[in-house]
Amino acid sequence: MVNAMNALKVNPAAMLGPWVEGFTLDEHISSSEFLGYDQTGRPMFDSTRTQVGEAVYQLKYGSRDSAHASALAAAAAAFIGSQWNDLIEVVVPVPPTRDRAVQPVPLVAKLVADQLAATFEPAAVTRTKSTTALKDLPIDQRSAALENAHAVDPARVKGRRVLLFDDLYQSGATMNSVAAILTSQGGASKVYALALTRTKKRSS
């Protein structure tokens, strides 16, 4: 397990989307070995997570120690400070897709906003309908599933430079959808995007 009190090592990568600039801090999993199939036919893997990936995993599913949130926020804020300096005015978390006792994205986003001396706006974007888990849908159906799935409050973002924040970047469908309405409906002057981790691209 990652010692969340130590500085997390990051390996940033750019991500393309309807934002001025976007990055992920690191891959979620650094290596994965196929072990076979379980009794239901599901594939099994022995996976090793990156330091950032382990901290995200522990915050969501493991110990849920707040030290992991602090470590993730420190790594995110340090990267944002080096990349975008004082550009960020508002931090907006991507709305959670399911109920949890601890919601990692808003929790870490709040800590990031505090460290950046930015405004934290968790209600700027809200989910307006339930959607099928995107990972269970073909890629070409994900955008349609997200149509009208979110609403934006212009009073919270209009004319402001917004950081859109999430924990995991997979296909990018959700972050793309939310970023688009932040500008088109919310009137944000600029949108930047940061996800803590990214999934590996599968070989074809």
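Contact here means heavy atoms within 4.5 Å. With that in hand, welcome to a set of close-ups of a predicted model.

**Figure 1. Helix α1 is mostly covered, with 8 of its 10 residues buried.** The buried residues are Val-52, Gly-53, Glu-54, Ala-55, Val-56, Gln-58, Leu-59 and Lys-60. What do they pack against? Their partners are strands β2, β4 (43-49), β9 and β10, together with helices α2 and α3 (104-116). As background for reading this view, an α-helix has 3.6 residues a turn, so residues three or four places apart point the same way.

**Figure 2. An open sheet of 6 strands has mixed pairing.** Reading across, the order is β1-β2-β10-β9-β5-β6. At the edges are β1 (13-14) and β6 (119-120), each of which pairs on one side only. Helix α1 (residues 51-60) packs on this sheet and touches β2, β9 (161-169) and β10 (190-198). The direction of α1 makes about 90 degrees with that of β10. Helix α2 (residues 66-83) also lies across β2, β9 and β10, and runs at about 140 degrees to β2.

**Figure 3. At one edge of the sheet, β1 pairs with β2 in the antiparallel sense.** The two strands are joined over 2 bridges, and β2 covers residues 21-27. If you would like a residue pair to look for, take Ala-13, whose bridge partner in β2 is Thr-24.

**Figure 4. Strand β5 (residues 90-93) is covered on both faces.** Val-90 and Val-92 lie on one side, Val-91 and Pro-93 lie on the other, and all are buried. A helpful reminder for this view is that in a regular strand the side chains alternate between the two faces of the sheet. Strands β5 and β6 run parallel and are joined by 2 bridges. Here Val-90 stands opposite Thr-119 in β6.

**Figure 5. Two salt bridges involve buried residues of helix α1, Glu-54 and Lys-60.** Side chains of opposite charge can pair when their charged atoms come close. Glu-54 meets Arg-49 at 2.8 Å, N to O. Glu-54 counts as buried because its relative accessible area is 11%, under the 20% limit. Arg-49, at 27% relative accessibility, counts as partly exposed. In the second pair, the closest N and O atoms of Lys-60 and Asp-167 are 3.0 Å apart. Lys-60 belongs to helix α1 and Asp-167 to strand β9, so this salt bridge ties together parts that are 107 residues apart in sequence. Are these two partners buried or exposed? Lys-60 is buried at 12% relative accessibility, and Asp-167 is buried with a relative accessible area of 8%.

**Figure 6. Glu-89 and Arg-161 form a salt bridge between distant parts of the chain.** The closest N and O atoms of the pair are 3.8 Å apart. Glu-89 sits in the loop between α2 and β5, Arg-161 sits in strand β9, and 72 residues separate them. Glu-89 is partly exposed, with a relative accessible area of 28%. Arg-161 is partly exposed too, with a value of 26%. Elsewhere, Glu-121, Asp-153 and Arg-156 are joined into one network by salt bridges that share partners. The count of salt bridges comes to 6.

**Figure 7. Arg-127 lies in strand β7 (residues 125-127).** Which residues does Arg-127 contact, leaving aside its neighbours within four places in sequence? They are Pro-95, Pro-96, Thr-97, Ala-149 and His-150. Arg-127 is partly exposed, with a relative accessible area of 24%. Its C-alpha is 8.9 Å from that of Asn-148, and the two are 21 residues apart in sequence.

**Figure 8. Phe-34, Tyr-37 and Phe-45 make a nonpolar surface patch of about 350 Å².** Tyr-37 is found in strand β3 (residues 29-37). Its relative accessible area is 55%, so Tyr-37 counts as exposed, a label that calls for over 50%.

**Figure 9. The whole chain holds 6 helices and 10 strands.** Of its 204 residues, 42% count as buried. The chain exposes about 10,800 Å², and carbon and sulfur atoms supply 48% of that area. Among contacts with a separation of 6 or more, 72% come from residues 24 or more positions apart.

Note on methods
Residues are numbered from 1 along each chain as its sequence is written. This is a predicted model: local features need pLDDT of at least 70, side-chain atom pairs count only at pLDDT 80 or more; totals for chains, interfaces and linings use all residues. Side-chain values use heavy atoms; hydrogens and water are left out. Two strands pair if DSSP finds at least two bridges between them. Helices (H or I, at least four residues) and strands (E, at least two) are DSSP runs, numbered from the N terminus. Axes are lines fitted to C-alpha atoms, for helices over the stretch in contact, and angles run from 0 to 180 degrees between N-to-C directions. Patches are made of residues with over 30% relative accessible area and no salt bridge: like charges are joined within 9 Å, nonpolar side chains (Val, Leu, Ile, Met, Phe, Trp, Tyr) within 5 Å. Accessible areas come from the Shrake-Rupley method with a 1.4 Å probe; for residues, only the protein chains shown count as cover. A salt bridge is a side-chain nitrogen of Lys or Arg within 4 Å of a carboxyl oxygen of Asp or Glu. Buried means under 20% relative accessible area, exposed over 50%, partly exposed in between (1.4 Å probe, protein chains only).
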